Amino acid sequence: MSHVLGIDPGSTGGICQLSEDRSFYHLCKASPIDADTVRTIKEMVTANPTRLAVVERVASFPGQGVASTFTFGKRYGVILGALMALGVPVVDVPPQTWNKALGLSQPKGFGLTETAVEKKKRLAARRKEQKSRNYAMARNLFPHLAITLETADGVLLAEYGLRTL
């Protein structure tokens, strides 16, 4: 039986490996240390045949600093490189795509006359609301897993891969 990896590439993201029948899983919080994350991915792929990795496509967001944007992009590249070196096909998917496919709506609302500070606060609140929705759905789908806010997106990315790819 083959498996699918779901990877939220953020430094506080999660990695989930699910079997096609969802009877097997391996779930963990990603380490902020790239080498540890690569080691975890290698251990999962080596232990269980993995047909696909679904990685959330990253992009910078308003208010994010240049250094943190670079660090985030580097981490994303390290994860993609590790998967390619291990021979695991990769699908990178924007958050809007997998959220929509799983029936998770994106929080809406903005002010046309908001200041940069107001926009930054609104976007942070929106990200927090989306994380909470994702957590609730992951817990509903897999009540037996020890899902946290950090690991929920990894679980849902793996589920997305199983359902659609």
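Which helix holds R139? R139 sits in helix α4, which covers residues 116-141. The model is predicted. This briefing starts with R139 and then turns to the nonpolar cores.

**R139 and its surroundings**

- R139 counts as partly exposed because its relative accessibility is 32%, and partly exposed means between 20% and 50%.
- Beyond its neighbours within four places in sequence, R139 is in contact with L145 and I147.
- One link to L145 is specific: the R139 side chain reaches the backbone oxygen of L145 at 3.2 Å.
- P9 is 130 residues from R139 in sequence. In space, the two are 20 Å apart, C-alpha to C-alpha.

**The largest nonpolar core**

- The largest nonpolar core has 22 residues.
- Those with the most contacts inside this core are V54, W98, L102, I147, V155 and L156.
- Two or more residues come from each of these elements: β2 (14-19), β4 (50-56), α4 and α5 (152-164).
- Helix α5 gives the most to this core, with 7 residues.
- In soluble globular proteins, nonpolar side chains tend to be buried together.

**V54 and its contacts**

- Residues up to four places away in sequence are not counted here; V54 then touches V4, L5, G6, I7, V91 and V93, among others.
- The V54 contacts also include L157, Y160, G161 and L165.

**Another core**

- Apart from the largest core lies another core, of 16 residues.
- Among the residues of this other core are I15, V45, A53 and I79.

Conventions: Residues numbered from 1 in each chain as written. Predicted model: local features only at pLDDT ≥ 70, side-chain atom pairs only at ≥ 80, totals over all residues. Heavy atoms only, no water. Helix = DSSP H or I, 4+ residues; strand = E, 2+ residues; numbered from the N terminus. Buried < 20%, exposed > 50% of the residue type's maximum accessible area, 1.4 Å probe, protein only. Contact = heavy atoms within 4.5 Å. Polar contact = N/O pair within 3.5 Å; in protein donor to acceptor, adjacent residues only side chain to side chain. Core = buried A, V, L, I, M, F, W, Y, C linked by side-chain atoms within 4.5 Å.
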